[in-house]
Every structure is written in C-alpha cells, then in structure tokens.
Amino acid sequence: MDVPVLCAKTALACLLIVAGGAKLSDPASFASTVRLFIPLRVSWPLLSAIAVGVSLGELAVGLASLTLPAIMALNALVFAIACTFVAVSAIGYAFYRGRSCRCFGALSQRKFDAASVLRSVVIAGIAAVALAHVSAAARQLDTTAQVLLFAAAGLLAVVAFTAARARGAGSRPEVVTR
Amino acid sequence: MVLASSFVAVALILCMATVLALFGVTHVSMSGAEAIERDGLAPGMHAPVWSLVDSADRVVRSPPRTPLQLIMFTDHSLKAFPSVVDGLREVMAQERLEIVVLTRRRNELAEPVLRTIGLDGISVLTGSPSLYAAYNVRVTPFAIFVDSAGRVRASSLVNEAWQVTKLLQLADLPLEPENLAPRSRFWRRPAGAGV
C-alpha cells in the first residue's frame, strides 16, 4: 500500500513544482487569470503580487512535500490545494469557458473547459490517495536523501521556469510600444 | 528503510523524467516550423512606435513618413550574408521605401562597412534588447516592413537577396481584414527606445 501512496505524493509534488516554476516565468499573464477570480477592482501591482504569491506557494509546498515526506500535514495541504484547483476550474468552466487558465504558465495552452475540470478532479483524487497512511519507516529520510531530493526539485523548478520563459518569449499576442 | 530508499529513487526518477520531458517539449517548440513562424510580427499587427537618433544625428521614426519602412535587424550578420546586402541594394533605390539597419550594440564601423558595400545613406541605429523583443526578433538578419500607418506588412528571417525583394512584394499586398488587429490596451515603451 505504501508504494502507490508515495508515488502519488511524488507525482503531485512534481506537478506543483513545475506549475509554480512555470508561472513564475511570466507573472503578468498569470495575473490576468487571477483577475478573473477577484470580483473587486484590484490594481495590477497587487494582482501581480498575488500571482507571484500563488506561484511561490505552489513551489514551496511542492518542494516541502517532496523533501519532507515525514510531515503528514503537507499531504492535507496538497489535498486542499487540489480541491482549490477543482473549484477554480469549475468556476472557470462556468464563467470563463475557453479562456486560457495559465495553470502551467506558457508551458501549456490549456483552457477552462470540461477536460480541465476532469483533470482537476483526477489531481484531487491522486491527492486523496496521497492522504492514506504510510508506515513511519517509509517516511523517514536521512539528510543526504533530503538534500538529494531538494536538489532534484530545485533543478525541476529551474527547468520549468526556463522552459516556460523560452516558450513564452515568442508567443506574446501583441506587443505595442509608444 | 527499503521503502524510504524506494521513495527517494522513485522521486528522483520522476523528477528527472519531468526534466527530460520539459527539455523535449521546449526543444520541439523552439526548433520546428512553428518556432520560425513565431518570430517577427504578423502582417496587420501594430509595430512598435519609436524614434531613435542615428550616428549622423538624424532622427529616424517608426512608423515612417515614407509609405514603407524596411527595418533590418542585423548585428554582425550583414557581413556573414553578403547576398542580403545585394537584396538591400536592389530595393534601396525605391523612393517610397526607407531602410534602417538596427543593431543591438553601437558599432562605429557599421556605417563605413555599409559605405564600402554600397549601402551608404542607410541609417544605422542601436536598438535595445527590449526593442528586439518587442519586434519578437531572436535571430538575424531579420527584415520587417512597416507601413506609414504603423502596421506590419511583412516580416521574415532573410539570408538571400531574392527574399528581400520577395518580402517587398508581399509588403505591397493588401492586408486581410482578420489581420487588422485592434490596437492593444497594454502599451509599453521599450527601455532604451527614444522619444
């Protein structure tokens, strides 16, 4: 039982790291998605700050979940984030169908549609699997393993950031200067 | 302990597999035909508006006063692609066309070189990296035709003379209605651009 749970936990951590790293490469475009979900009139600097905060939050939770599996509370936090994904994709599907969700920055061109809701539900399901109990022996990592995992997670975040920046560089819709 | 080692192994493998997948996705998107089409600006789009002073203290503007302006992004590439120089020589006689050469760094030798190869009189301007980015130009020599209304008429990577003349022909074609994009609300002045 331990192996599928740990695999689910690892997969979700990688997903959060990639999503956070990719979003950080272009906070302005993710801020435009954030604006859709804030009913109040909010200034762009504040929206950008929220976008950066969300991206950093995803990145931090992913890094912590991967390198500190002994902290069970992180599994609940990841599950809560996955439930938020479901809510966001459902609201996006209901009110902003066809608009780009920018869930992975420029890495993906996914839009708010039925498939995005389904994907979010699957992610939440995997997060629910990761909530299952794992033996203490499987969760205890020594410092070397933690450092190794942190390095791998850091590399993943950097690659996601760089890849999203490279893909996004040539795909800006219209850049006009005055 | 075995399970913990398995967790580390699975996590590392998954991380590395994701890294490789990201490399693959980026490589495909940066090297295919789609990537080439993404460079430059599509016909009908609004080109960046700028004004820069060349080495002879002439003010060069875009959009131009002439019906058409050819902005040639070059850096060192004109020396490497002499046939592009031939293409420029073929089109520079046209009075309706203003040609400007844009380089990333100020190069005192650029104008003497242009004079030597028979392209004297062409303004050589130093464009900031953000101006290059605004035109979505990554590789040179790259040609962009802009009309007096500030619309992009044609743009492409060029390395042969005929491509320059063919682009000029394409620039003369009327714009299709679906390409006449409304002006963006988010205007930005590139750092280093002039007035």
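B:Pro141 sits in the loop between helix 6 (129–134) and strand 6 (142–147) of chain B, and the peptide bond that joins B:Thr140 to B:Pro141 is cis, with omega at about -5°. The model is predicted. Chain A has seven helices and zero strands, while chain B has seven helices and seven strands. The points below cover the two chains, the backbone, the cysteines, a pocket and some packing details.

**Chain A overall**

- The order of elements along the sequence of chain A is α-α-α-α-α-α-α.
- Chain A has 178 residues, and 44% of them count as buried.
- Of the contacts in chain A between residues at least 6 apart in sequence, 77% join residues at least 24 apart.
- About 8200 Å² of chain A is exposed, with 72% of this area supplied by carbon and sulfur atoms.

**Chain B overall**

- From the N terminus, chain B runs α-α-β-β-β-α-α-β-α-β-α-β-β-α.
- Chain B has 195 residues, of which 44% count as buried.
- Of the contacts in chain B between residues at least 6 apart in sequence, 69% join residues at least 24 apart.
- Chain B has an accessible surface of about 9900 Å², and carbon and sulfur atoms account for 61% of that surface.

**Backbone geometry**

- Most residues other than glycine have a negative phi, and most peptide bonds are trans.
- Besides the bond before B:Pro141, a cis peptide bond joins B:Ser62 and B:Pro63, with omega at about 5°.
- B:Pro63 belongs to the loop between strand 2 (59–62) and strand 3 (68–73) of chain B.
- B:Asn136 is not a glycine, yet has a positive phi near 65°.
- The loop between helix 6 and strand 6 of chain B holds B:Asn136, and this residue counts as buried because its relative accessible area is 5%, under the 20% cut-off.
- A:Arg102, also a residue other than glycine, has a positive phi near 55°.
- A:Arg102 lies in the loop between helix 4 and helix 5 of chain A.

**Cysteines**

- Over all chains, the structure holds one disulfide.
- A disulfide is a covalent bond between the sulfur atoms of two cysteines.
- The partners are A:Cys101 and A:Cys103, with an S to S distance of 2.4 Å.
- The link of A:Cys101 and A:Cys103 is left-handed, with -130° about the S-S bond.
- A:Cys101 is buried at 5% relative accessibility, whereas A:Cys103 is partly exposed at 33%.
- B:Cys15 is in no disulfide: the nearest cysteine sulfur, that of A:Cys14, is 3.8 Å away, and a disulfide is counted only for sulfur atoms within 2.5 Å.
- B:Cys15 is buried, with a relative accessible area of 0%.
- A:Cys7 has a relative accessible area of 30% and is partly exposed.

**Second largest pocket**

- The second largest pocket holds about 980 Å³ of space.
- Its lining is made up of 36 residues, and those nearest the centre are A:Lys23, A:Glu58, A:Phe85, A:Cys103 and A:Phe104.
- Two or more lining residues come from each of helix 1 (2–24), helix 2 (27–36), helix 3 (44–67), helix 4 (73–95) and helix 5 (114–130) of chain A, and from helix 1 (2–31) of chain B.
- By class, the lining has 24 nonpolar, eight polar and four charged residues.
- A:Cys103 thus has a place both in this lining and in the disulfide with A:Cys101.

**Packing in chain A**

- The buried residues of helix 2 of chain A include A:Ser29, A:Phe30, A:Ala31, A:Thr33, A:Val34 and A:Leu36.
- These buried residues pack against helix 1 and helix 3 of chain A.
- A:Ala87 is part of helix 4 of chain A and is partly exposed at 36% relative accessibility.
- A:Ala87 and A:Val117 are 30 residues apart along the chain, and their C-alpha atoms are separated by 8.5 Å.

**Packing around B:Leu41**

- B:Leu41 lies in the loop between helix 2 (33–38) and strand 1 (50–53) of chain B.
- With a relative accessible area of 6%, B:Leu41 is buried.
- Leaving out residues up to four places away in sequence, B:Leu41 touches B:His46, B:Ala47, B:Pro48, B:Ala134, B:Tyr135, B:Asn136, B:Ile144, B:Val152 and B:Ser155.
- B:Asn136, one of the residues touched by B:Leu41, is the one with phi near 65°.
- B:Ser156 is 115 residues from B:Leu41 in sequence, with a C-alpha to C-alpha distance of 8.8 Å.

Notes: Residues numbered from 1 in each chain as written. Chains lettered and ligands numbered in written order. Predicted model: local features only at pLDDT ≥ 70, side-chain atom pairs only at ≥ 80, totals over all residues. Heavy atoms only, no water. Helix = DSSP H or I, 4+ residues; strand = E, 2+ residues; numbered from the N terminus. Buried < 20%, exposed > 50% of the residue type's maximum accessible area, 1.4 Å probe, protein only. Contact = heavy atoms within 4.5 Å. Areas by Shrake-Rupley, 256 points an atom, 1.4 Å probe, with all protein chains shown as cover. 1 Å grid on protein atoms, 1.4 Å probe; cavity = no way out; pocket = protein on both sides within 12 Å on 5 of 7 lines; lining within 4 Å. Points joined across faces, edges and corners; volume = space filled by probe spheres on them. Nonpolar A, V, L, I, M, F, W, Y, C, P; charged D, E, K, R; others polar.
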